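Let's take a walk through a structure together. Have the sequence and the 3D view side by side, and take your time with each stop.

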Amino acid sequence: MESKTSANFLQTIVEEDLREGRVKDVVTRFPPEPNGYLHIGHAKSISVNFGLAERFGGRCNLRFDDTNPEKESQEYIDSIQEDILWLGYRWEGEPRFASSYFGQLYAWAEHLVRESLAYVDDLSAEEARQLRGTLTEPGVNSPNRERSVEENLDLLRRMKAGEFDEGSRVLRAKIDMASPNMNLRDPILYRIRKIPHHQTGTDWVIYPTYDFAHGQEDAIEGITHSVCTLEFEDHRPLYDWFLEHLPVESRPRQYEFGRLNPSYTVTSKRKLKQLVDDALVASWDDPRMPTVSGMRRRGYRPAAINRFCEMVGTTRKDGVVDVAMLEFAVREDLNEHAPRGMCVLNPLKVVLTDYPEGQVEELRLARHPSREELGERGVPFTRELYIDADDFRAEANKKYKRLVLGKRVRLRGAYVIEARDVVTDADGNPTEVHAVVVPDTVGKDPADGVKPKGVIQWVSAEKGRRAELRLYDRLFNVEQPGRGGQDFLEDLNPDSLQVVKEAWIEPSLAAAKPEEHFQFEREGYFVADRYDHSEQAPVFNKTIGLRDTWGGS
RNA sequence: UGGGGUGUCGCCAAGCGGCAAGGCACCGGGUUUUGAUCCCGGCAUUCGCAGGUUCGAAUCCUGCCACCCCAGCCA
């Protein structure tokens, strides 16, 4: 099960820090802003942060980086916790909130003012942008840059007291307007936002920016290794600047790794939100979404997602990972864990003309081909059955290993049958196949030595149950939706959802519990829908098809 | 055209001066009451390019090239 993987660069760093005594205990954190649902990229970050702590006997905090009440909400806070727990991770103690450090952060802001390292600026956003310079030209100092400590302190306190309008003033660090690193051109520490915060209500009208908050939050919590993604690399000098100039009690270090971008999907929150808002998908947890809750509803198990995250590795390289790798992890996991069952998607009736009417044989079939401990289930066999329409042809070449007129096929776990006749509709499509049972072939080959070439699934027409099946395919048609500056919606796959209203399932399947996983033999892996499935009205979502190496037809 | 990163098989990824791991995908073959699983085998004389150092380089040096990130009072 455990495949051998060499240590990644983060593990190497931690190992060295431990060995050299730079840190005693590893403390990491997963710091989402509660402004959306977690997706596969977050799962990777969770795997990295919790995984690092786990591997070295340390701890990992969950911290909501709620420094901007504008786009945040309790709904997201709840879903994020649910998703992390579902993935199988446990954070240290209670969830933390950046907002609970607002008092300390503010005190540190005053400290910087007193040290003449921060000032209140009256420039409008537009004016500030003008003075910031460009990537190739240095910026220009704000006319307010040299205010006295007293005046700055007074202004800052009045900002906090709510005396000024939104946008009229900000607190900035006094660093270097000519720095080649844009983040060091007097970055903003506080801005005025007169809207209620989901945690602190109306206590505050000024909010710290990410830059002024993150490193200090890490320091407060005693984080040793603050791991984030590559786009924050340029922020590291600023992260360090604050820790150097503030009386913090610990010294966290920031490290960055490359984001996880699977092909054929999108992971930007903006795009995911648009898919939901424009009703292109049903919800954040639509089974086609790359969200954690979407993958859950689709039928991916946490083990598969975690395995995938490990499989792709952790490096400083940005790239696109083939979804086939995720799909492999999902199949590998489900192949081992999902009990088998039979389901007919596109029913074609078969009448066994020599089988007694009303007779029912309760066959015993293993739930899993290699895991005996999973036991057996009873499958009723009757005179009238359904097989898949694709599994019958009046005539076919020798490569076709299913039922052909005049030929034999094995009904999975049951008898070998031989097709004798076919009834067709006006268009010549088969509507009913008449066949006979080859005697004494349950668990045995035919006595006459004429072995069938193939095996197909079937469901008793009398005892089987109807079920709704939701078949999902990739949400996008191209590897990198929107690549080349085009609208990513242009790349949507119009056939990503297909609903089969009346599939037939073997009776025991109706009793499945929501979120129970199965392999419908020869069709793929399915999961009983988390919300819509019931014994009375079974609903299954197709997680993923079986690997199919059959070339022709 | 400033700064910061990254370039090893179609994709991911080991490798850190001694002569290219592994996984996914793909292609063969075997087993099989799932055209699944499983099992065997194949798949980079070459490491973005060009020079240089060295007995010896993907690994060191120099110079190019390509791609990604940064000019939110977002994170």
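Does F242 count as buried or exposed? F242 counts as buried, because its relative accessibility is 0%. Here buried means under 20% relative accessible area, exposed means over 50%, and partly exposed lies in between, with a 1.4 Å probe and protein chains only.

Before going on, a word about what you are looking at. This is a predicted model, in which local features need pLDDT of at least 70, side-chain atom pairs count only at pLDDT 80 or more, and totals for chains, interfaces and linings use all residues. Residues are numbered from 1 along each chain as its sequence is written, chains are lettered from A and ligands numbered from 1 in the order in which they are written, and side-chain values use heavy atoms, with hydrogens and water left out.

Let's stay with F242 and look at the helix around it. Helices (H or I, at least four residues) and strands (E, at least two) are DSSP runs, numbered from the N terminus. Helix 8 covers residues 236-245, and its buried residues are L238, Y239, D240, W241, F242 and L243. These buried residues pack against helix 4, strand 5 (170-173), strand 6, helix 7 (210-221), strand 8 (225-229) and strand 9 (253-257), where contact means heavy atoms within 4.5 Å. W241 is buried too, because its relative accessible area is 12%.

Now look at the rings. Rings of Phe, Tyr and Trp (its six-membered ring) pair if their centres lie within 6.5 Å; planes under 30 degrees apart count as stacked, over 60 as edge-to-face and the rest as tilted. The whole structure holds 22 aromatic pairs. In one of them, the ring centres of Y106 and W204 are 6.1 Å apart and the planes are at 55°, so this pair is tilted. Y106 sits in helix 4 (residues 102-114) and W204 in the loop between strand 6 and strand 7 (206-208), so the pair ties together parts that are 98 residues apart in sequence. Y106 and W204 are both buried. The pair of W241 and F242 is edge-to-face, because the planes are at 80°, with ring centres 5.5 Å apart. Ring pairs join F102, Y106, Y190, W204, Y207, F212, W241 and F242 into a cluster.

Charges can sit over rings as well: this needs NZ of Lys or CZ of Arg within 6 Å of the ring centre and within 35 degrees of the ring normal. K160 lies over the face of Y106, 5.1 Å from the ring centre. R474 does so over Y264, at 4.2 Å from the ring centre. Y264 belongs to the loop between strand 10 and helix 9, and its phi is near 65°, a positive value in a residue other than glycine. Most residues other than glycine have a negative phi. S116, in the loop between helix 4 and strand 4 (118-121), also has a positive phi, near 60°.

Next, find R408 in strand 20 (residues 408-411). R408 counts as buried because its relative accessibility is 14%. Which side chains make polar contacts with that of R408? The side chain of E418 does so at 2.8 Å, and that of D448 at 2.6 Å. A polar contact is a pair of N or O atoms within 3.5 Å; within protein, one must be able to donate a hydrogen and the other to accept it, and residues adjacent in sequence count only if both atoms are side-chain atoms.

Our last stop is RNA strand B. It is surrounded by 65 residues, the closest being V312, R340, R412, G443 and Q519; a residue is near a strand if one of its heavy atoms lies within 4 Å of it. Of the atoms of RNA strand B that come within 4 Å of the protein, sugar and phosphate account for 64%. A polar side-chain atom of K317 lies 2.9 Å from a phosphate oxygen of RNA strand B, while a base nitrogen of the strand is 3.2 Å from a polar backbone atom of A125. Helix 12 gives the most to the surface near RNA strand B, with 4 residues.
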